[in-house]
Each structure stands twice: as structure tokens, then as C-alpha cells.
Amino acid sequence: MLVVPEGAPKPVVRVMRYDAGQVEEKPVEDVEQLAALVVGGGVTWIDVQGFGDPAFLERIREILGIHPLAMADVVNVPQRPKAEPYGDRYLVVTRMATMLPERRIHLEQLSLVIGPGWVATFQEDPGDCFDPLRERIRHGLGVIRRMGADFLAYALLDAVVDGYFPVVEELGGVLEALEEEAMEDADRATLGRIHAARRLLLQLERLQWQQRESLSGMLHSAESPFSDPVRLYLRDVHDHAVQVLDVIETYRQMTVGLVEIYLSSVNNRMNEVMKTLTVVATIFIPLTFLVGVYGMNFDYMPELRERWGYAAVWAVMLVVALGLVYWFHRRGWLERGDGGR
Amino acid sequence: MLVVPEGAPKPVVRVMRYDAGQVEEKPVEDVEQLAALVVGGGVTWIDVQGFGDPAFLERIREILGIHPLAMADVVNVPQRPKAEPYGDRYLVVTRMATMLPERRIHLEQLSLVIGPGWVATFQEDPGDCFDPLRERIRHGLGVIRRMGADFLAYALLDAVVDGYFPVVEELGGVLEALEEEAMEDADRATLGRIHAARRLLLQLERLQWQQRESLSGMLHSAESPFSDPVRLYLRDVHDHAVQVLDVIETYRQMTVGLVEIYLSSVNNRMNEVMKTLTVVATIFIPLTFLVGVYGMNFDYMPELRERWGYAAVWAVMLVVALGLVYWFHRRGWLERGDGGR
Amino acid sequence: MLVVPEGAPKPVVRVMRYDAGQVEEKPVEDVEQLAALVVGGGVTWIDVQGFGDPAFLERIREILGIHPLAMADVVNVPQRPKAEPYGDRYLVVTRMATMLPERRIHLEQLSLVIGPGWVATFQEDPGDCFDPLRERIRHGLGVIRRMGADFLAYALLDAVVDGYFPVVEELGGVLEALEEEAMEDADRATLGRIHAARRLLLQLERLQWQQRESLSGMLHSAESPFSDPVRLYLRDVHDHAVQVLDVIETYRQMTVGLVEIYLSSVNNRMNEVMKTLTVVATIFIPLTFLVGVYGMNFDYMPELRERWGYAAVWAVMLVVALGLVYWFHRRGWLERGDGGR
Amino acid sequence: MLVVPEGAPKPVVRVMRYDAGQVEEKPVEDVEQLAALVVGGGVTWIDVQGFGDPAFLERIREILGIHPLAMADVVNVPQRPKAEPYGDRYLVVTRMATMLPERRIHLEQLSLVIGPGWVATFQEDPGDCFDPLRERIRHGLGVIRRMGADFLAYALLDAVVDGYFPVVEELGGVLEALEEEAMEDADRATLGRIHAARRLLLQLERLQWQQRESLSGMLHSAESPFSDPVRLYLRDVHDHAVQVLDVIETYRQMTVGLVEIYLSSVNNRMNEVMKTLTVVATIFIPLTFLVGVYGMNFDYMPELRERWGYAAVWAVMLVVALGLVYWFHRRGWLERGDGGR
Amino acid sequence: MLVVPEGAPKPVVRVMRYDAGQVEEKPVEDVEQLAALVVGGGVTWIDVQGFGDPAFLERIREILGIHPLAMADVVNVPQRPKAEPYGDRYLVVTRMATMLPERRIHLEQLSLVIGPGWVATFQEDPGDCFDPLRERIRHGLGVIRRMGADFLAYALLDAVVDGYFPVVEELGGVLEALEEEAMEDADRATLGRIHAARRLLLQLERLQWQQRESLSGMLHSAESPFSDPVRLYLRDVHDHAVQVLDVIETYRQMTVGLVEIYLSSVNNRMNEVMKTLTVVATIFIPLTFLVGVYGMNFDYMPELRERWGYAAVWAVMLVVALGLVYWFHRRGWLERGDGGR
């Protein structure tokens, strides 16, 4: 018996069946209709969204002849991306990425089961990135209507992998913003944000690594259901996955630099604090000493008796202070914001 | 002759024998009974807990036909996880993980010897994670009663690997608590705790790495006793082991970030100490200079003779002090807790 | 239908056709002429610069019999460097590097399609590094006129890889300048510059890594169109790519050292600030105490009554000050610029 | 001609010859006796300790038919651990580890040459870890007397690898002591000691890595002289070597943490110094300002004329001081040893 | 046409021809003589030093039948170490290392071309490390005179690899000196020296890595010209290269520790500066406050009127000062050079 995630939405099944000549598209209410839809010519795409009815899913499993273990991987999300043969069914587990508002990333498992003449896709929540693909099927754009089920599987995987490009672009923007923040305006939360970004990149890197391995298996394994002409296309998807992985790895390396910039920024502030203290103390401590001298109560202190004494002390103090200010200026200690100099 | 760990508890042997139709379960007091239990049809599970009687164990070894080196690995705990053929016996060494109170982790070696029609399990201390499995056998849940000894071995390994999930989840909680502690309340012991967590993760990572290798060997080796249908199931266990390893590696990477947060937290405190000193010194040092000026004893100091002199000095001092406070406020040096700004 | 980058310049096609005896060179205005140029003996080099006319490019694709996926990789720049067979066409994607003014590096994708008796090169913008090669073909220098299309492809790849040597040399100069800056004159922007250099090196390293892999595939793959004698030459290009990669890796390692030097430089400045404060405060604080003593108003303070009192205090203060200055001098705290001592 | 290390002790040769029924043991004074001892049934162990007589060793080499290069590796210590066939002789170079007093580790090369029916062991200095093995042979304990020369070689390697366990245990103790020292009592020498430990672990790791590779070669190579039943035993030695390597790697990782603890410990002290300065300065600087105010010489300062003036100033100063002390206490700056708070 | 480095010295060619019975040695003035020298029995060593005459080298190339690409690698120094077959010629590129005065290391490319019955060596500058080898050939020491050209090539490579041992030993001395400098006497140049050493080690590591790969190719490749008995000897050279590589890697790891020691040393100095300031300020600030109190001008300050007042203040100040000194002493702040405590 299948165990499904609690609170999962009810499954909605849509079937799309096409060949070079025609397209038929309809929602499936009664699961028993499926049996008739996957036999005969053409390609059938069974699209299942929502896992909220175990008996329903179990029946789909039986009708499509999917191995119980494969179905368990489909339902118990998240599994790591992988591609595994189960007799003449082929299970591909992958992860779709989409941007949510406020720069949050949403990752959802998409599982494909490829059978003879059909592809079944399973996802936990409604909504996906396949609408352009559906349009292309409906209007017969490109070669998809003239190809088999393996080409449909390729097109789905292509859409999934291409969905990562806007996500990594967004992440690039996040890192640039963090770099600016670390340089100009770092506070304690900055470091937390950098580490959160690093953690996310680490997670994406592992995911994409496994995705690439899985695609590599589909390309090179003898048990893969992809025909040779479609493998040429799949090689392209593999290339894109490698490109995404490359960018993610570069970004993760950059976070190390961000921490360095943050720490150096904090250090610069400490430096400024110390310079402020030093400038003030170094100017006034000698002056205070001087006025202390003439606060002494010796009976015999000739300067105190002179009329010009007081003015002379002020003059000396001014010279000392200006001299020190000039010296600090020359060492660059008076400019703010130029922390490191 | 077997050498057993000192102070080991006496061995307790329980035997469970089943086929599709029936289940028989009994403790074994006299070791010689075993010989009769492992022949004939069905699957026999010999469960040995405690190593405190070398002669008894040696006799089990002889009856089950286990190689002396295999038995040595069983008894001399801990061995690293591995899977090794000894003729038609197959030794699997693995490690069970359970959470103890106060977030301590208990690791105990479980050794499986797989023979024709039977599986023998050995562990040092009583208590294990197999009660749900026993229930499934007793009540014939799932397919286990219809399968052979290799499926029993799979089910045992599955329970062992799945036992790691709550442990790594707990570790995730520990790391989160440490991150908060490092940010808000770091003292010297924090660094020690971070390093202890890192050490534990390092140890678990190695362990899980070897577990994965061992499972990979069972999956792909020609000498592995697992039949093809059971290997499909075992592939699942392998997947779970990889998932556990992934999480552990991610956690270990996170500890590097924890040290950075800790150090930056300590740095922030130093910063606050310095800012306090700088604010106090920078305000009072000029004022002290000023009062020093009017503490001088020159005969001719016209201000001293004026009635408004004293009040004017106070006024000047107030303006200077307030000006500096305003300047510090604008630079953000007066807010506490915002260490980094 | 091909999708080309927006705003791409119009394609300019030049064809060069040669054999041991003669060279023919002409621009191609009407794409249909191409069909006649690639048949018959000799080697034809079709050089396409600019992607601004999709229909034109699509027609070239058809005439040359290039797979649509290969053409997509040619046009959708940048792709990662790779070498892939498409039936009896062979696609090589590579990246040319040139120095722009102000030490900026320009990377442009160059795609080669190798067919029977011809090589087609594609690049987005006009201008390349092949003029010396064209000269060698025109004047029959070297063996190129006596060799086939695979030798032409080798010669092109050789020029591309050799184009990296001046670039990495320039980068070496940049790193040396940064090292000097980090040591002598580090300000906050220095760290940014170091990280920018690191990022660039990271990117070049990945690129060159893939270039090397791609060359290795051309050398060893059974589907590679290079004949055995030409592979000897190609091995040379592979060697050069490895040398470039080596230098880049060494440079990237050096940036780690640059950050250390920068941080230590900033630290040295903090050290100098602290030493300044310490020297000034340590000299004047005891003196200020001393003059404070004789500013007390006790009725009975015999020194105050002595004629030599004032002079004696000055003498004592001079001795103390000079003693401290000597002590600081001996500890090396008075020398500027010798930050670390 | 063999070149031997200068000042090497004179070689002492002991021969042990045994089969299932009997044991014969004798020192060999005249090298020519050896020829007679290695022919005929049984297993012969030729144990050579000391390299001080090149002619003697050269004659042994000739009698045993060892390749000159193999003999050069035996004598020119230290070589890296390896296993190499020389025709029907098999050279194994390994390294024995023993603890000397004061936690120093002594590493000595042990070379084995395995020939048909005999094993020759060579070491530079007298003394080894094989006495328990000799006892087992003398008294026929275990299976050794019933096995061939390859089992003797296994038993020797087993003793060598097991000799590492007490050494790594000792190193674990050293690291724990260093961790405590780094936390409680770090001075400059601590860092030196940590680096020395790291260097030693690095060296041991390389050594053990090579040892493992060499054992792996003996297990899997077709040229290895070990029979299949003995390879089961050798697999055990390989396992132990892997375990030792694991512990060493974990220890080396720990030294990174030790440096962090040391640096943080030093940082804590700096923190304490700064806090001391800040507390003292922050309390007294305002008070000094206050007393400065009433040291001014204005003619009109009404407070000075009041009887309660002096007492009031003291009262104010007490309130300020106590208030600051209370504020410091609340921030935790007054507790010593709690460096990080 | 060969392109040679500018300003290269004129080539000097010496030929050594030997077999078991005799040795013939002579300089070659006229390049055409060479043709006669490489035919017939025995082994011929053609030793070319200096590349200053392209036509001369080109003629050598033709006479010896060397591929133009191989000759280009010989002349265009430096190439990375490698071993490559060109038909029945075999090119080995390697690098000789020698120590120059002042601990500088000189690296020079040595190229070997191995043909049937001869070995040609090429180097840019006169002077090499082969004189002991020449002596051995002249006097028939060892087996070299009885072996073929492959043994000569082995002997040359052996000399090259063994030439690294004194170099790495010297580097070990450099690192030890740097460690002492970093601990005792670090100034800003120290860090620069550490990074220079790291850079050099990095370069040597890459070089030696490639050297090892190249030797491994000679050992295992089917196209290698080395006969089986000579491969036993070559295995020895490979071992030595691995040993050199091991030491270099260990040294490079050590430089990381050196930077830590340097930084901690600089930190210690900062610590001392801060402690000096803190000790002086903490002792004198309270005293200055005290004398300030009795500098106040209140009409009613009874202590001022007492005869013992002044002495009492001195007494109190002495007690406070001594108390603080004792307290600092107990915390260990007064000892110099014990930076970390």
C-alpha cells in the first residue's frame, strides 16, 4: 500500500495523446479509462499532479505496470535525482526549480516513468513549467509530433533543466547585492545571509551534480529507453546541466570571497574606531600635560609671573595641535571611509 | 579460539523460522538445537545478542559453517562497515545508530552472516531496531514471508540505514542551536562544542561512506548472495545511504561556517569594548584638557577674573560633549548589539 | 528556425579553397554559391563572421548538411568548449581569448564544423587571430597546402590555444601589480580587485579545463575526424592547453596568498595605529601624573617651597620621557613602515 | 656492489625452519650454511638484523637469488612501502612503528623477500615486534605450522600493521593534551607543538596510504605470491591498515581545529587586556574630569565656597563610579576567564 | 624551419659510442659525421648542448630521423615533462634541477630522443649532471656497457631524478629557517618570503607530478622503447620520483603552517603593544585622579590642612601602584616575549 505525504492535494490527471496527424487532450476522472489510453499508436502523456489519494495512485500504478519500488520513489518526495530501469519501465527522478517572490527558490520533485508509447509525469503540487511544451504539441511546432515517447521525455527534461537558468541568474544578483552589502553596510546579519546563500548553493550543487549523473546514465546506459537520434538531443540537455553546475560552483567559490570581504569590512571599522581614539588621545594628551605643568603650585615658577605666559602657552599648544593634525593628515588617518589605508 | 570483549553480556539466541505459510519463533538455550533449525525449507533468522561466552559462540560458528576470520570480525567490534564473501557464506558488517538522551549518539556494530536459507545477526548488546520487522514477519505483512533469506537480509539492512534519518535530523537541530548560540551568546565553550560536532560528523561521514561502499559491493559484485529481484530493493537502501551521506556532508560544511560566525561574534564584542573606550575617552579627554587650562596658575589670565567665566566654560564643554555625542550617534557607535556597524 | 542573439552583426562569409597547387579566395555574397564550393578536390575553409541573418545561416546549415542541434550550439553563444560528432560532421566549440586595452580580456566563441573536405568556422563578431594562418595558406608556407581538412582544423585550434599565452602572461603582470599594491598601498578596493582577478582565473580555469577535455576527446575518440598523422600535431595543441591550464591554476593558487598579504598589510596598519597611541600615551600619562602631584593644594608640601623644585620636576620628567623613548626605540616601536616588528 | 648506511650494526642472522611436525631454530654464523637451509620441505624464515657487512649481505643475496635492485631497496632505507615482483621473488617494503619514551615515534623499515618455501626479513637495527609470532611458531599455536611461506609473510605483515594501533592511540592522547593546552594555557610554543603533531600525522598518513596500496596490490595482483586461502587473511590486514589510515586522517583534520582553538584562545586574552583597559579608563576618565573642574581657578565659582561642596563632589563621583561598575557587571566585562562573552 | 631561443649558445656535440668491449668518445665538428656514427653495433650517445644554430640542429634532426614536432618540443623550452612516441623514435622531455648559490634553484629542460641503438640528449646550456655516468661508461663500472640504448636512457633519467634530492633537502633547510624567522623575528618581508617558497614548491610539485606521469607512461605503455629487464630499473626511477613528490607535497603543506605562525607572531606583537598601554594607563590613571582630587580648590577640604595629608596621599598611591603591579604580575602581563599568555 502506498504511503503518501500528509495533507497532499487530490490528484488531477490530464492525458495528452498525439501522433503526427492529431492531438487529443482530456482530463481523466475515472482511473479505469487510462488502460484504454495507453494502448494503440501515438504517444500518450499522462500528467498526474497531487498525491492525495493513495488508492487512486495505486490503481494508476497497476494499470501502467510500474514497479512498487519505483512508485514509492515517486510518492515519497524528495528523492535524489536519478534514472533507473525497472524492467521495460524507466524511472527518472528530477527536481524542478522556480523563483518565488522575495528571491526564495522553490524546488519540487518531478518524476517521469517512461513506458512503451507513453510517459507518465508525477508531481506533488499543481503547476509546472510545461505550458510552452504543451503549446508546441498542440500546434505541432518543431519535430515533437513526429517523434516517439522518448522524445517527449527529452522535451520534459529539457524544460526542467532550462528552468534552472533564471534561478541561477537570480542567485547571481543576490550574490552581487551581498557583495555590495558586505563592502558598504555590513552588519551582523550580513554574515548570516552569506552563510544562507552558501548553504543554498551547496544544496543546489549536490542536486545538479546528481541531475548530471542521472542524465549521463540516460545517455550512456544500455538500459536507457532513449533511441540514438533522441540521445543527440539529450546530450544537449546534459550540456546545459553541466553549464548550470559550472555557474553554481563558481558562485559557491565566490561566497568564500564574500566572507573575506565581510571580515575585512568589519576589521576596517575597528580600524576606524582605533584611529579616532588615537587621533583624539594623541592630540590632547600632550596638551593636557602642558596645562598640568602650569597648574603646579611651586613658589618659584618664573613663567607664571610673566604677562605673556598665558598667551605663550596657548601659542605652543596651537602649534603642537596643528603639527599633529598635519602629521595625521599626511598619514591619511583623518579621511573617513578609506578604512584600509 | 575466539577472543571476546571483556565484560560482554552473556549471549541470548532467538530463532525465527518462517515460510509463506507459518512462523515459528523460539529462544535457543542449547546451542546444539541450532543444527536442526537451519536445514529444511523456509527462512531461518538466528539472532545472537551478547558475546559473553566464547565457547558458545565458537560452537555456533562451527554449526553455521562460518569462517574463523569472519567470526573474528563479528566479535572484535568495532570493524569498519564492509561486505565480504567467505565461500558460500557472506559477511556484512554494519553499524546501527540510535539517539540516547541528551543528544548523544550510540553506535553499535551489527554483523550479518548470510548462508543458504538463513541469516544470522550478531550484536554486542541487547536491544535493536528490528521489532517492526519482527511484527511484519509474524503477521505476514508485505512480501517478506514469500521471499528468501536474501530478502530478510535486505529488510535488516533497510532498518539499519533508515535508523540514521532521525539521528541526522537531531544533528540538524544541534547545529541550528549552535548557530544561534554562536551568534547571540558565544562563550569559550561554544567553540569546543562546534569542534565536537564537527568531529562527530567527520566520524559519521566516514562510517556512512564505508556503508555506502559496502552496499554498492552487495549490489554489483558477482559474489553477492542477493538475487536480482532483491537487488532492486537493495538499490533503494543504497539510495537512502547516499541521501544520509549527503546530509552529513552538508552539515560538516556548515560547521566551517559556524566557526566563522563564532569568530566574528567574538570580534564584534571586541569591537564593542573598543567603541566604549573610544566614546568615553574621546568625549572626556578634550574636556579634561579644557578644565586643565583654567587650572593653570598664570598671574595674567583675564578669563579667570570674569564673572561669567565659569559658566562660559561649562557652556563650551556642554556644546563640545553634545557635538561629539551627536557625531558618535550618526556613525552608529552608540547602539549596542549592532556589533558590526 | 534558428534563434540568433539580438543585435548581432550581419554575417560576412569568406571562402578559401586550396590544394597543393593553388589557392582561391573570395567573399560569398549569395549563399547558394556555397554548394558548388564544397565539392570537388582540395580543402575549403568557409569562414562565417556575424550571426545577424537567421535565414542566411539556416541555408548555410542546409547546404553544408549540419545537424540542427549542432547549429543551435554554434549560434547560441556561449556554449562550453566541447567536441561532438554529428554523423559525418564534427562540431568543435572553442573560445578565443584576446587582450583588450586596460587589461580587460575578451572571450569569443569560435565554432568549427568539420565536414568531408571542408572546415566551416563561425564567430559572432568580426575579427580573429587567424591572419598569420591565412598568410601561410596563401604563400604555401609549411605543410598545410599538402594536407587535408583535418590539418586545417588543427591549425585553427593551434592558433586559438596559442592565443591564450599572451593573455596569461598579462594576467601574471596583473597579479604582480596586485601583490605590490597589497603590500605597499592596500586600500579597500584592493581586496575587490583581488577577488575580481580570482573570479576571472576561476572562469578561465573551467574554460581551459573543458578545452583540454575537448582536445583529449578529439585525440582519442574513434569518431574524431583527425587522421593519425594529424593527431600527432593535435597532441601538441593538447600539450599547450595543459600548459596554459597549469599556469592558470598556479595563478589562482597565488590569489589566496594575495588575500593573506592584504589582510596582513591591513593588520600592520592597525598595529601602527596602536603603537602610535601607546607610545604617546605611555610617555605623557606618567608625566601628567607628576605635574598633577604638584598641583595639589596641601598646606604642607615642602618641595613646593624650594627654589629648585620646579626645575627638578622638569629634570625628572625629561629623564622619564627620554628613558621611555629609548625603551621604545630598542623595541623597534618608533620605526614607521616596519609594521610587523 | 651494495652500498650500506654508514655505521650500521653488524648483521645477525637467525633462521627458523618449521613444518607441521617440528621446529628448528638457530643463528647463522657462516653465510654459506644458508644454501642448505632453504631447500627441502617446510617453511624457512631467515631473519637478518643489521646491515653492517656489505659482502655478507651480497652473499645472502646471491644464495637467495634476490635481484640486485630489490636488495638495493632493502638496504637503502627508507624506501616508501611497496610490493613488487622480481621474477619468482617478491619484495615487500614496509615500515614498523613503535613508541619510544616521551611520546616519540620510531619508524623502521622492514623488508620481506618471499621466495619458494622461505621468507627473508631485513631490518637495519636489532629488535622487532615479532616475538609473539615466534612463540606461536615454537609452540604450534594457531594454524601457522600447517601453512606455507605465504602465511608466514601474512603473519609478519599482520604484526607490523597491528603495531600501529598503540601508536595512533598514543597520538590521540597527545592531541587531547594539546587541545587542553590550547584552551587553558596556550603560549607561543603551543602553536609549534600543534604544527609538529600535524607534520607527524601528515607523514604517517602518507606512509599508511602507501602501505594500504601495497597491501591492495598483494591482494589483487596476479603476480602476488599469496594463495587464495591466505588472501582471505591478508584482506584482514588490509582492513586494519584502512582503519589505521582512517584514524590518522581524522586526527589530522582535528589539528585544523586545534589551531582555531589556539588562535581564539590568544584572541580571548587580547580581549581581556582590552576590557581591563576600558573598564579602568572608563571609570576614572570622567572622575578625573570632574576633579579637574573644581581645580579651575575662576574667581567666581560658587560651589567652591560651599561647605558641603567637597563632600558633594565625592558623593557624585561615588555614584558615577558605582553606576559604571554596575553597567560593566551587567555586560559581563568584570568576570575573568569568560573571555568570549 | 626550426625557431630557436634568441641568444642561445652555439651547439656543441659530443658523441660517446660503446659496447661491452670498448668506448670511443669524440666531439663532432662536422654534422655529417653523425650519420656514420649511429649505424653499426654498440650504443651511441649523442650529446647536444646549446641551440644557437638552427640549420645545424635541423641537419641533426634529418640525420637522426626525428619528427619535426618532436624537434620543436626539444628546442622550444620549457615544455612540460612528457614521454611520447613518434614512430620508432621516442621523445622524453624532462627537467634537471640544480642548486645555485644563495639557495636559488636552476631548472633546465633536458630532452632525450631514443632511437634504435642510440640516445640523443639536448639541453639549452652547457653543463649537466652526467659526469659520474660518463665515468661509469668509460671505466665499464656496473652493467651499463653490457646493456642497450634503453639502459643508457634509464641511466640518464636516473641521474636527472636523483638530482632533485639535494634540491629538496636544501628547500627543507629554507623552510626551517623561515619557521624560525616567522617565530622570532617576523617582519613584513617574512610573509613575502613564505609566499615565494610556496610558489616555488607549487611549481616543483606540478613539474614532478608530470615527471612521474611521464615515467609511468614509459613503464606501462606498449609503445615505450624500454625492454622488460630495463623496466625493472626504470620502476626504481619512478619510485624515486614519487618519493621526491611526496617530500615536496609535505613541504607545501608546511607553508600553510608557516603563514599561521607568522600571523600569530604578528598578533603576539600587537598583544604586547596593547599590554604595555594597558599596564601604564591602568596604573597611572587612578593615581592621576587622586592627585586631581587634592588639586581641587574647595574652601572646605580638611585633609589639605593636615600636616600628614601629603605623605598619606603618597602612601595611598604607592599601595595602589604596587597592588596593581602585583596583580599584573600574577596575570603574567609583565613578562615580555611570552606573547601569548
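Start with chain B and chain A of this predicted model. Across their interface, 20 residue pairs are in polar contact, both partners having pLDDT 80 or more.

**Chain B against chain A**

Colour the secondary structure of chain B. On the side of chain B that touches chain A, the elements giving two or more residues are α6 (164-184), α8 (228-293) and α9 (302-305). Pick out α8(B), since its 31 residues are the largest share of that side of chain B. Colouring the touching residues of chain B by type shows 22 nonpolar, 16 polar and 14 charged.

Now select both sides of this interface. Chain B brings 52 residues into contact with 53 residues of chain A. About 5000 Å² is buried between the two chains, and carbon and sulfur atoms account for 58% of this area. Which three residues supply more of the area that chain B buries against chain A than any other three? Select B:F289, B:F298 and B:Y300, which together supply 13% of it.

Turn next to the charged side chains. The interface of chain B and chain A holds nine salt bridges. For one of the nine, show A:R206 and B:E249. The closest N and O atoms of A:R206 and B:E249 are 2.9 Å apart.

**Chain D against chain E**

Hide chains A and B, and show chains D and E. Here 53 residues of chain D and 52 residues of chain E take part in the contact. Chain D and chain E bury about 5000 Å² between them, with 58% of it on carbon and sulfur atoms. To see where chain D loses the most area to chain E, select D:R188, D:R206 and D:Y310. Together these residues make up 16% of what the chain D side buries.

Between chain D and chain E there are nine salt bridges. One salt bridge to display joins D:R305 to E:D299, with 2.9 Å from N to O. The two chains also have 20 residue pairs in polar contact, again with both residues at pLDDT 80 or more.

Which elements of chain D each supply at least two residues of the side that touches chain E? They are α3 (68-75), β4 (82-86), α7 (188-220), α8 (228-293), α9 (302-305) and α10 of chain D. Of these, α8(D) gives the most, with 17 residues. By type, the residues on this side of chain D divide into 27 nonpolar, 10 polar and 16 charged.

**An aromatic pair between chains**

Over all chains, the structure holds 60 aromatic pairs. Zoom in on D:W314 and E:F289, an edge-to-face pair with 6.3 Å from centre to centre and 90° between the planes. This pair crosses between chains: D:W314 lies in helix α10 (residues 309-331) of chain D, and E:F289 in helix α8 (residues 228-293) of chain E.

**How the copies are arranged**

Superpose chain D on chain E. A rotation of 72° with 0.1 Å of shift along its axis does this, at an RMSD of 0.1 Å. The two copies are therefore related as by a five-fold rotation axis. To find the axis from chain D, go to D:G295, whose C-alpha is the nearest to it in that chain, at 4.7 Å.

Why do the copies meet through different surfaces? Only 19% of the interface residues of chain D are also interface residues in chain E, so the surfaces they use differ.

**Chains that do not touch**

Finally, show chains B and C together. No contact joins them, and their closest C-alpha atoms lie 9 Å apart. Chain A and chain D do not touch either, their nearest C-alpha atoms being 9 Å apart.

Technical notes: Residues numbered from 1 in each chain as written. Chains lettered and ligands numbered in written order. Predicted model: local features only at pLDDT ≥ 70, side-chain atom pairs only at ≥ 80, totals over all residues. Heavy atoms only, no water. Contact = heavy atoms within 4.5 Å. Buried area = accessible area lost by both parts, 1.4 Å probe. Salt bridge = Lys/Arg side-chain N within 4 Å of Asp/Glu carboxyl O. Polar contact = N/O pair within 3.5 Å; in protein donor to acceptor, adjacent residues only side chain to side chain. Helix = DSSP H or I, 4+ residues; strand = E, 2+ residues; numbered from the N terminus. Nonpolar A, V, L, I, M, F, W, Y, C, P; charged D, E, K, R; others polar. Least-squares fit on C-alpha atoms with pLDDT ≥ 70 in both. Phe/Tyr/Trp six-rings, centres within 6.5 Å; stacked < 30°, edge-to-face > 60°.
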